[in-house]
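Hi everyone, thanks for letting me have the slot today. Could we get the model up on the screen, please?

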Amino acid sequence: MTNDKTVAILGAGAWGQALANLAAANGHQVRLWSRWGTLSLEAVLQDADIILSAISMKGVREVVMQVQSFPISPDAIFVTATKGLEPDTTCTPSQIWQTAFPHHPVVVLSGPNLSKEIEMELPAATAVASNIPTAAEAVQLVFSSNRFRVYTNSDPVGVELGGTLKNVIAIAAGVCDGLQLGTNAKAGLVTRGLTEIVRIGTFWGAKPETFYGLSGLGDLLATCNSPLSRNYQVGYQLAAGKTLTEILTHLQGTAEGVNTCRVLIQRARQQNIPVPITEQVYRLLQGEVTPQQALDELMLRDIKPEYH
Ligand SMILES: NC(=O)C1=CN([C@@H]2O[C@H](COP(=O)(O)OP(=O)(O)OC[C@H]3O[C@@H](n4cnc5c(N)ncnc54)[C@H](O)[C@@H]3O)[C@@H](O)[C@H]2O)C=CC1
Ligand SMILES: O=C(CO)COP(=O)(O)O
C-alpha cells in the first residue's frame, strides 16, 4: 500500500511549476499540463487523484469547461491555487470549479508563496482550505515537506479572498515604496488595507479571523514587501511614471490585482462597502489620478474613529 498520489497540475506558469516540483519532490507522480505542451489534457487527467489548477484567472472558466469534457476519477479532489475574481460573474475560482464539479471536493491553496523563493527551496508556509476536512488533509499530505509547511483550514471562502484581495493592496504598497513615502506610511497603508480586506471579505461570507492568518495577513506582508511580487511591481512602476500598458507589456507573468481591483470596485459600489484604498488604486489604474493625487485623496478623507 502506497500513499503516493497521481497529481495533475493544470497551468505550467511560475506557480504551477513550483507546485509541481513540490509534489514531485515528495515522490508523487506529477503530470504538468500546459496548453502549449505535448501532453494532452485528457491523458493528464486520467485517473488523477488530485487535479490542481494554477491557471491565471482569465483562463479558468475555459479550462474548467475543457476538463468537464473528459473522464476523471470519481474520487478526484480539485485544488485551486488561482488568486483572482471572474469579471462578468465576480465568482472566485473555487466557486467556478465547485459549480462545474458539484460531487467532488474542492480545496483552496493559498498563502505567502512567492514562487521564485519556493523554486529556490527557501522555507514557506501555506493554507489548504475546504468544507470537507479529509480533502484538505489529503492535499496537506501531498505538499507538506521540511521546506513547505501546509496548514489545513475550514474557511475556503476566507482563504481564497485573502489571497485575492491582497493583490490590490500590494499595488498600493508598490506605489508607496516607489514614491519613497517611508515606513510609517507603508505600515499605515497595509494595516488600513487589511481593514478593507476584512470588511469586504466578511460581507462576502468569510470568517474575520481567517484574514489574520497565512492567506490574509501572511500573504499581505509577503506581497506588499517584495519586489518579486508582480502586483507590487505594477504599483512601483506606476509611481515611477510608467503607464499601465507599458508595465504590463514587460511584466513577467500575471498581476491579478489589476483585474481584481476592477471587479472589486464594481461589487463594492453595488453593495455600498467603503473601500477607499481600492478606490484610489482603481482610479490610478484607470489613469484618472496620479500617484500623488491618490495619496492626497486618501490622506484628506473625512477624519473618523479607527473602528466603527
Ligand atoms: N507566481 C506566484 O508567485 C504565485 C501565483 N499565484 C497565482 O497563480 C495564478 C497563476 O500565476 P503564475 O503561474 O504566476 O502566472 P503565469 O502567467 O506564469 O502562468 C499562468 C498560466 O495559466 C495558463 N493559462 C492562462 N490562460 C489559459 C487558458 N485560457 N487556457 C489554458 N491555460 C491558460 C498560462 O498558459 C500559464 O501556464 C495566478 O492567479 C496567481 O495570482 C499564487 C501564488 C503564488
Ligand atoms: O500571490 C503571490 C505570493 O503569495 C504572488 O504575488 P504576485 O502575483 O504579486 O507576484
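Okay, let's start at ligand 1. There are 26 residues around it, and the nearest are Gly-13, Trp-15, Gly-59, Lys-83 and Ser-115. A residue counts as near a molecule or strand here if its C-beta atom, placed from the backbone, lies within 6 Å of it.

Before I go on, a word on the source: this is a predicted model, where local features need pLDDT of at least 70 and side-chain atom pairs count only at pLDDT 80 or more, while totals for chains, interfaces and linings use all residues. Residues are numbered from 1 along each chain as its sequence is written, and chains are lettered from A and ligands numbered from 1 in the order in which they are written.

Which helix gives the largest share of the shell around ligand 1? That's α3, with five residues. Both α1 (14–25) and α3 (57–68) supply at least two residues each. When I say helix or strand, I mean DSSP runs numbered from the N terminus: H or I, at least four residues, for helices, and E, at least two, for strands. By class, the shell around ligand 1 has nine nonpolar, 12 polar and five charged residues. Nonpolar covers Ala, Val, Leu, Ile, Met, Phe, Trp, Tyr, Cys and Pro, charged covers Asp, Glu, Lys and Arg, and the others, Gly among them, are polar.

Now zoom out a bit. The chain is divided into domain 1 (6–154) and domain 2 (157–299), with bounds from an automatic or database domain assignment. Their C-alpha centres lie 24 Å apart. The contact between them takes 24 residues from domain 1 and 26 residues from domain 2, where contact means C-beta atoms, placed from the backbone, within 7 Å. On the side of domain 1 that touches domain 2, β5, α5 (115–119), β6 (124–129) and β7 (148–153) each give two or more residues. The largest share there, four residues, is from β6.

So why do we say ligand 1 lies between the domains? Because domain 1 and domain 2 both give residues to its shell. Ligand 2 also lies between them, because both domains give residues to the shell around ligand 2.

Let's look at ligand 2, then. It has 14 residues around it, and Asn-113, Thr-223, Ser-229, Arg-230 and Asn-231 come nearest. Two or more residues come from each of α7, α9 (214–224) and α10 (230–239), and α9 gives the most, with three. That shell splits into five nonpolar, five polar and four charged residues.

Staying with α7, which spans residues 156–178, that's where you find Lys-166. UniProt lists Lys-166 under "active site" in an unreviewed entry; annotations like that may be inferred rather than shown by experiment. Is Lys-166 buried or exposed? It has 33 C-beta neighbours inside 10 Å, so it counts as buried. The cut-offs: buried is 20 or more other C-beta atoms within 10 Å of its own, exposed is 12 or fewer, and partly exposed is in between, with C-beta atoms placed from the backbone. Leaving out residues up to four places away in sequence, Lys-166 touches Ile-197, Asp-219, Leu-220 and Thr-223.

Last stop, strand β5, residues 106–110: five of its five residues are buried. Val-106, Val-108 and Ser-110 sit on one side, Val-107 and Leu-109 on the other, so to speak a strand covered on both faces. β5 pairs with β4 (residues 77–80) in the parallel sense over three bridges; a pair needs at least two bridges found by DSSP. One of the partnerships is Phe-78 with Val-106. That's me done, thanks!

Definitions and conventions
Two residues are in contact if their C-beta atoms, placed from the backbone, lie within 7 Å.
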